[in-house]
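Okay, thanks for having me. I'll put the structure up and then walk you through a few spots in it.

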Amino acid sequence: MDNEIRRQIDEAAEQLREMLIEQYERNERLAAAAKRAGGAGGDAGCGDADKKTVIGLAPGDGIGPVIMDETKAVLKMLLRDELESGRVEFKEITGFTLEERLAAGETVPKGVLEQMDCCDVILKGPTTTPNAAMGGKNLESANVFLRKRFDLFANVRPVSVPEEGIDWTFYRENTEGEYALGSRGIRLGKEAGDGLSVDFKVITGEGTRRIAKAAFDFARANGKKRVSIVTKANIMKKTDGDFQTICLDVARDYPEIETDTWFVDIMAANLVNKDIRSGFEVFVLPNLYGDIITDEAAQIQGGVGTAGSANIGTDMAMFEAIHGSAPRMVSDGIAHLANPASLMTAAVMMLRHIGLTEKAAVLEAAVKKADDMLGARMTGLPGGAGCAEFAGIVKENI
Ligand code: IPM
Ligand code: MG
């Protein structure tokens with residue numbers, strides 16, 4: 001081993017030490033906050049009927065502006081009274097395109113964060129993660145950054161296929177796991193292939209307790225009978241092992257709910273096993289498994305273009321499509337064929353979150369109608385049906 005590698009190891013050890021302190025202190029802050037809140041986890045919502053709710057609209061990149069334009073038009077129609085009375089205000093977030101982020105050299109420029117700080121909730125289109133090949137810095141994913149910045153710890157992703165009896169709700173931990181330090185891994189050697197690389201996965205006690213509580217509280221409040229804990233605790237013994245132990249510990253406060261534990265590989269198989277899949281109800285998973293399993297689940301529902309996603313924290317919530325910005329659809333000239341159902345479904349979750357439950361139900365039914373009529377043709381491929389056509393049916397049904 002040459003001296004240069006020894007130097008890199010020393011530097012890495014120091015970096016690891018700093019990251020451990022940082023993450024340990026984060027857990028302490030979470031624990032103190034949970035104590036102050038009397039152990040309550042999750043955003044109680046801003047559903048106060050008289051309170052004004054500021055909804056930030058951030059279109060994002062790629063197909064983002066296409067699906068956001070249609071979703072915004074639908075929301076304007078649906079919320080005409082609320083917008084007129086001032087119960088709801090839209091705030092267009094500017095400066096958040098890939099080009100602007102690259103130019104600023106920041107994942108999310110300060111000016112964008114300042115605008116977001118003035119919002120109660122955000123409806124966000126997909127954002128492209130900048131990489132060095134795009135002529136700027138190798139920046140962190142904006143999604144990941146925002147989830148951490150606003151501490152949006154619960155990523156809630158519902159998937160339903162009524163005709164098959166599927167009604168799943170995923171509680172994906174949203175701020176930890178492989179994502180906590182994902183941009184801060186260590187490589188020994190000059191470049192890929194030279195030596196070795198290490199990334200880190202972080203599970204904190206408090207971070208796990210709060211996502212578990214959120215999942216079980218949801219189950220209890222919605223008459224669900226079963227919560228499934230998904231990990232790879234047989235291999236990732238410390239992180240996933242502790243995640244599973246803590247979830248099981250939280251489960252003891254919910255004796256009426258059946259709890260089971262699964263490894264993520266067999267759960268991936270279970271979801272395509274028609275004999276058993278409709279028996280699952282609520283899932284709680286660490287971040288990366290939640291990412292992967294929810295794409296699979298969305299595909300079972302009809303494609304990632306059909307699924308919405310809520311990122312819920314204590315003081316802020318952000319709603320988005322579960323898919324990415326699909327730059328290939330843009331470069332192939334077929335961005336107009338993007339399915340807006342994902343963002344509209346996210347908007348349904350947002351309306352519910354801010355207390356507009358009736359409006360949420362209207363939008364949900366209208367999106368379902370459009371999906372029944374057009375869903376099979378929303379392929380995102382040449383010859384498929386278009387975003388505007390889909391939105392047209394939604395509007396007719398509001
Ligand atoms: C998601 C996405 C993001 C994630 C990407 C865009 C960073 O896949 O919301 O599931 O990995 O969480
Ligand atoms: Mg994903």
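Let's start with one residue, Asp-240, which sits in helix α8, residues 239-251. Keep in mind that this is a predicted model. So, is Asp-240 buried or exposed? Its relative accessibility comes out at 0%, and anything under 20% is called buried, so Asp-240 goes down as buried. And what does Asp-240 touch? Leaving out residues up to four places away in sequence, the list is Lys-201, Thr-231, Lys-232, Ala-233, Pro-286 and Tyr-289.

Okay, zooming out to the domains. The domain assignment splits the protein into domain 1, which is 1-39 + 180-309, and domain 2, which is 41-152 + 313-398. Their C-alpha centres are 25 Å apart, and the contact between them uses 14 residues from domain 1 and 16 residues from domain 2.

Now the inside. The largest nonpolar core has 69 residues, and the ones touching the most other members are Leu-75, Leu-123, Phe-319 and Leu-363. Which helix gives the most to this core? That's α12, residues 341-353, with 9 residues. Both domains chip in, too: at least three residues of the core come from each of domain 1 and domain 2. There's another core apart from that one, with 16 residues, including Ile-93, Val-112, Ile-122 and Met-316.

If you want to click on one core residue, try Leu-123. Not counting residues up to four places away in sequence, Leu-123 touches a bunch of others, among them Leu-75, Phe-319, Leu-343, Ala-346, Ala-347 and Met-350.

Last bit: helix packing. When two helices pack, people describe them by the angle between their axes and the distance between those axes. Take α12 and α13: the angle is about 160°, and the axes are 7 Å apart. Over 145 degrees counts as roughly antiparallel, so that's what we call α12 and α13. Their crossing is left-handed. On the α12 side, the contact residues include Met-344, Ala-347, Val-348 and Leu-351, and on the α13 side they include Ala-360, Leu-363 and Val-367.

Helix α13, residues 357-374, also packs with α2, residues 64-78. Here the angle is about 130° and the axes are 11 Å apart, which is why α2 and α13 are described as oblique to each other. This crossing is right-handed. Val-74, Leu-75 and Leu-78 of α2 make the contact with Lys-359, Val-362 and Leu-363 of α13. You'll remember Leu-75 and Leu-363 from the list of residues touching the most other members of the largest core.

Key
Residues are numbered from 1 along each chain as its sequence is written. Chains are lettered from A and ligands numbered from 1 in the order in which they are written. This is a predicted model: local features need pLDDT of at least 70, side-chain atom pairs count only at pLDDT 80 or more; totals for chains, interfaces and linings use all residues. Side-chain values use heavy atoms; hydrogens and water are left out. A nonpolar core is a set of buried Ala, Val, Leu, Ile, Met, Phe, Trp, Tyr and Cys residues joined through side-chain atoms within 4.5 Å. Buried means under 20% relative accessible area, exposed over 50%, partly exposed in between (1.4 Å probe, protein chains only). Helices (H or I, at least four residues) and strands (E, at least two) are DSSP runs, numbered from the N terminus. Domain bounds come from an automatic or database domain assignment. Contact means heavy atoms within 4.5 Å. Axes are lines fitted to C-alpha atoms, for helices over the stretch in contact, and angles run from 0 to 180 degrees between N-to-C directions. Angles under 35 degrees count as roughly parallel, over 145 as roughly antiparallel, 65 to 115 as roughly perpendicular and the rest as oblique. A crossing is left-handed if the near helix is turned anticlockwise from the far one by less than a right angle, and right-handed if clockwise.
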